[in-house]
Amino acid sequence: MRTILIAALSAAGFALLGTAAAIAADNSAEASAKSAPLSPPNIGAKAKPEAETNAAVSATANDASAAAAEPAPRVIARRQGIASYYGYGKRRPRTASGQRFDPNKMTAAHMTYPFGTKVRVTNKRNGKSVIVTINDRGPNTPGRIIDVSTGAANVLGMRRDGLVPVVIERLERHGG
(Lines give C-alpha, C1' and ligand atoms only; values in the text may rest on other atoms or scores of the structure.)
Protein backbone atom coordinates (compact mmCIF):
# COMPACT_ATOMS: atom_id res chain seq x y z
CA MET A 1 0.00 0.00 0.00
CA ARG A 2 2.89 2.36 0.83
CA THR A 3 4.41 1.93 -2.63
CA ILE A 4 1.10 2.71 -4.33
CA LEU A 5 0.63 5.84 -2.22
CA ILE A 6 4.17 7.06 -2.94
CA ALA A 7 3.79 6.40 -6.66
CA ALA A 8 0.49 8.30 -6.72
CA LEU A 9 1.96 11.27 -4.89
CA SER A 10 5.05 11.36 -7.13
CA ALA A 11 2.96 11.16 -10.27
CA ALA A 12 0.85 14.08 -9.09
CA GLY A 13 4.02 16.09 -8.42
CA PHE A 14 3.46 16.53 -4.68
CA ALA A 15 6.27 16.37 -2.17
CA LEU A 16 4.53 15.28 1.00
CA LEU A 17 7.63 14.24 2.84
CA GLY A 18 6.01 14.51 6.25
CA THR A 19 3.24 12.07 5.29
CA ALA A 20 5.72 9.75 3.64
CA ALA A 21 7.93 9.87 6.75
CA ALA A 22 4.96 8.98 8.96
CA ILE A 23 4.14 6.04 6.70
CA ALA A 24 7.80 5.00 6.74
CA ALA A 25 7.79 5.11 10.55
CA ASP A 26 4.70 2.89 10.67
CA ASN A 27 6.29 0.37 8.33
CA SER A 28 9.91 0.82 9.48
CA ALA A 29 10.92 -2.83 9.29
CA GLU A 30 9.43 -3.28 5.81
CA ALA A 31 10.56 0.16 4.63
CA SER A 32 14.19 -0.27 5.63
CA ALA A 33 14.48 -3.52 3.73
CA LYS A 34 12.62 -2.58 0.54
CA SER A 35 12.64 1.13 -0.25
CA ALA A 36 14.83 4.16 -0.87
CA PRO A 37 14.24 7.57 0.77
CA LEU A 38 11.81 9.95 -0.86
CA SER A 39 12.85 13.18 -2.52
CA PRO A 40 10.77 15.96 -4.05
CA PRO A 41 10.41 15.97 -7.84
CA ASN A 42 13.05 17.96 -9.76
CA ILE A 43 10.78 20.41 -11.50
CA GLY A 44 12.63 22.19 -14.29
CA ALA A 45 15.89 20.38 -13.58
CA LYS A 46 17.90 19.07 -16.49
CA ALA A 47 18.95 15.43 -16.48
CA LYS A 48 22.69 14.72 -16.33
CA PRO A 49 24.19 12.93 -19.29
CA GLU A 50 24.65 9.21 -18.66
CA ALA A 51 28.45 9.42 -18.97
CA GLU A 52 28.61 12.13 -16.26
CA THR A 53 26.35 10.11 -13.96
CA ASN A 54 28.42 6.95 -14.49
CA ALA A 55 31.65 8.86 -13.79
CA ALA A 56 30.22 10.22 -10.54
CA VAL A 57 29.11 6.75 -9.43
CA SER A 58 32.52 5.33 -10.36
CA ALA A 59 34.37 8.07 -8.46
CA THR A 60 32.24 7.48 -5.37
CA ALA A 61 32.88 3.74 -5.58
CA ASN A 62 36.63 4.35 -5.93
CA ASP A 63 36.65 6.67 -2.90
CA ALA A 64 34.76 4.08 -0.84
CA SER A 65 37.08 1.25 -1.86
CA ALA A 66 40.17 3.38 -1.13
CA ALA A 67 38.83 4.20 2.32
CA ALA A 68 38.02 0.54 2.94
CA ALA A 69 41.51 -0.53 1.82
CA GLU A 70 43.17 1.82 4.33
CA PRO A 71 43.41 0.06 7.70
CA ALA A 72 41.92 1.76 10.72
CA PRO A 73 44.55 3.14 13.09
CA ARG A 74 45.40 0.80 15.95
CA VAL A 75 44.76 2.03 19.49
CA ILE A 76 47.94 1.76 21.57
CA ALA A 77 46.76 3.44 24.79
CA ARG A 78 43.38 4.31 26.32
CA ARG A 79 42.56 6.61 29.23
CA GLN A 80 39.44 8.16 30.72
CA GLY A 81 39.05 11.52 32.37
CA ILE A 82 37.77 15.06 32.01
CA ALA A 83 38.37 17.17 28.90
CA SER A 84 38.15 20.91 28.51
CA TYR A 85 38.59 23.18 25.52
CA TYR A 86 40.51 26.35 24.89
CA GLY A 87 40.73 29.23 22.47
CA TYR A 88 42.39 32.61 22.53
CA GLY A 89 39.83 34.76 20.78
CA LYS A 90 41.53 36.92 18.16
CA ARG A 91 45.01 36.19 19.52
CA ARG A 92 46.90 33.38 17.79
CA PRO A 93 49.89 32.65 20.02
CA ARG A 94 52.38 29.91 19.30
CA THR A 95 51.73 26.50 20.83
CA ALA A 96 54.40 24.60 22.73
CA SER A 97 55.28 22.84 19.45
CA GLY A 98 55.96 26.20 17.79
CA GLN A 99 52.89 26.19 15.55
CA ARG A 100 50.43 29.10 15.53
CA PHE A 101 47.29 28.17 17.44
CA ASP A 102 44.29 27.85 15.12
CA PRO A 103 41.04 27.36 17.05
CA ASN A 104 39.35 25.79 14.03
CA LYS A 105 41.91 22.98 13.56
CA MET A 106 41.52 19.59 15.18
CA THR A 107 44.32 19.98 17.72
CA ALA A 108 44.77 19.42 21.43
CA ALA A 109 47.08 19.90 24.40
CA HIS A 110 48.33 16.93 26.43
CA MET A 111 50.93 16.89 29.20
CA THR A 112 53.03 13.91 28.02
CA TYR A 113 52.14 12.68 24.53
CA PRO A 114 54.72 13.66 21.89
CA PHE A 115 53.85 16.46 19.46
CA GLY A 116 52.23 15.07 16.32
CA THR A 117 50.54 12.20 18.17
CA LYS A 118 47.04 11.43 16.90
CA VAL A 119 44.44 10.92 19.61
CA ARG A 120 40.77 9.95 19.23
CA VAL A 121 38.70 11.82 21.82
CA THR A 122 35.20 10.47 22.52
CA ASN A 123 32.62 12.40 24.54
CA LYS A 124 31.09 9.82 26.92
CA ARG A 125 27.86 11.82 27.27
CA ASN A 126 26.87 11.79 23.59
CA GLY A 127 29.23 9.31 21.89
CA LYS A 128 30.66 11.90 19.47
CA SER A 129 34.35 11.56 18.67
CA VAL A 130 37.10 13.39 16.80
CA ILE A 131 40.73 12.66 15.98
CA VAL A 132 43.04 15.47 17.09
CA THR A 133 46.77 16.09 16.78
CA ILE A 134 48.74 16.95 19.91
CA ASN A 135 50.56 20.24 19.32
CA ASP A 136 50.53 21.89 22.73
CA ARG A 137 51.10 21.19 26.44
CA GLY A 138 48.35 21.17 29.00
CA PRO A 139 45.87 21.08 30.56
CA ASN A 140 47.34 22.93 33.50
CA THR A 141 44.38 22.23 35.76
CA PRO A 142 44.55 19.15 38.01
CA GLY A 143 42.02 16.43 37.16
CA ARG A 144 41.86 17.14 33.43
CA ILE A 145 43.54 14.88 30.88
CA ILE A 146 43.25 16.85 27.62
CA ASP A 147 42.44 20.33 26.32
CA VAL A 148 40.97 20.35 22.81
CA SER A 149 40.73 23.26 20.39
CA THR A 150 37.46 25.11 19.95
CA GLY A 151 36.91 23.38 16.57
CA ALA A 152 37.31 19.94 18.15
CA ALA A 153 35.01 21.00 21.01
CA ASN A 154 32.33 21.85 18.44
CA VAL A 155 32.60 18.39 16.89
CA LEU A 156 32.44 16.76 20.32
CA GLY A 157 29.37 18.82 21.27
CA MET A 158 31.01 20.11 24.45
CA ARG A 159 31.01 23.88 23.95
CA ARG A 160 27.97 24.41 26.15
CA ASP A 161 29.20 22.26 29.03
CA GLY A 162 32.88 23.22 28.86
CA LEU A 163 33.99 20.11 30.75
CA VAL A 164 32.95 16.61 29.72
CA PRO A 165 33.97 13.06 30.60
CA VAL A 166 35.93 11.55 27.71
CA VAL A 167 37.84 8.51 26.58
CA ILE A 168 41.10 9.33 24.83
CA GLU A 169 42.74 6.72 22.62
CA ARG A 170 46.30 7.21 21.46
CA LEU A 171 46.57 6.00 17.87
CA GLU A 172 49.51 4.26 16.25
CA ARG A 173 51.47 6.31 13.73
CA HIS A 174 51.49 5.09 10.14
CA GLY A 175 54.55 5.49 7.96
CA GLY A 176 56.90 6.82 10.57
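This report walks through the strands, the nonpolar core and the salt bridges of a predicted model.

**The barrel**

Let us start with the overall sheet. 6 strands close into a barrel, following the order 1-5-2-4-3-6 with mixed pairing. On average, and with direction ignored, neighbouring strands of this sheet are turned by 45° against each other.

Strand 4 is a good place to look more closely. This strand is mostly covered, with 6 of its 8 residues buried. Strand 2 runs parallel to strand 4, and 3 bridges join the two; here Ala109 stands opposite Asp136 of strand 4. Strand 3 pairs with strand 4 in the antiparallel sense, over 5 bridges. Within that pairing, Lys118 faces Thr133 in strand 4, while Val119 has Val132 in strand 4 as its bridge partner. The hairpin made by strand 3 and strand 4 has 5 residues between the strands, and Gly127 takes a positive phi near 80° there.

Beyond strand 4, the chain holds a feature worth a glance on your screen: Gly138 and Pro139 are joined by a cis peptide bond, with omega about -5°. Pro139 sits in the loop between strand 4 and strand 5.

**Inside the barrel sheet: core and contacts**

The largest nonpolar core has 18 residues, and those touching the most other members are Val119, Val121, Ile146, Val148, Val166 and Ile168. Two or more residues of this core come from each of strand 3 (118-123), strand 4 (129-136), strand 5 (144-149), helix 5 (150-156) and strand 6 (164-171). Setting aside neighbours within four places in sequence, Val119 is in contact with residues including Tyr113, Val130, Ile134, Ile146 and Ile168.

Thr107 belongs to strand 2 (residues 107-109). Thr107 counts as buried because its relative accessible area is 9%, under the 20% cut-off. Not counting residues up to four places away in sequence, Thr107 touches Phe101, Asp102, Val132, Thr133, Asn135, Val148, Ser149 and Ala152.

Val75 is found in strand 1 (residues 75-86) and is partly exposed, at a relative accessible area of 29%. Leaving aside neighbours within four places in sequence, its contacts are Arg120, Glu169, Arg170 and Leu171. Val75 and Glu169 are 94 residues apart along the chain, yet their C-alpha atoms are separated by 6.0 Å.

**Salt bridges**

Side chains of opposite charge can pair when their charged atoms come close. The count here comes to 4 salt bridges, among them the ones in this table.

| Pair | N to O distance |
|---|---|
| Arg78 and Glu169 | 2.6 Å |
| Arg120 and Glu169 | 2.8 Å |
| Arg125 and Asp161 | 3.3 Å |

Which residues are linked in a network of salt bridges? They are Arg78, Arg120 and Glu169. Arg78 and Glu169 form a salt bridge; Arg78 lies in strand 1 and Glu169 in strand 6, so this pair ties together parts that are 91 residues apart in sequence. Glu169 also forms a salt bridge with Arg120; Arg120 lies in strand 3, so this pair ties strand 6 to a part 49 residues away in sequence. Glu169 is buried at 10% relative accessibility, Arg120 is partly exposed at 21%, and Arg78 is exposed at 53%.

The salt bridge of Asp161 and Arg125 has its N and O atoms 3.3 Å apart. Asp161 is in the loop between helix 5 and strand 6, and Arg125 in the loop between strand 3 and strand 4, 36 residues apart. Asp161 is partly exposed, with a relative accessible area of 45%, whereas Arg125 is exposed at 54%.

Conventions. Residues numbered from 1 in each chain as written. Predicted model: local features only at pLDDT ≥ 70, side-chain atom pairs only at ≥ 80, totals over all residues. Heavy atoms only, no water. Helix = DSSP H or I, 4+ residues; strand = E, 2+ residues; numbered from the N terminus. Buried < 20%, exposed > 50% of the residue type's maximum accessible area, 1.4 Å probe, protein only. Contact = heavy atoms within 4.5 Å. Core = buried A, V, L, I, M, F, W, Y, C linked by side-chain atoms within 4.5 Å. Pairing = 2+ DSSP bridges. Axes fitted to C-alpha atoms, helices over the stretch in contact; angles between N-to-C directions. Salt bridge = Lys/Arg side-chain N within 4 Å of Asp/Glu carboxyl O.
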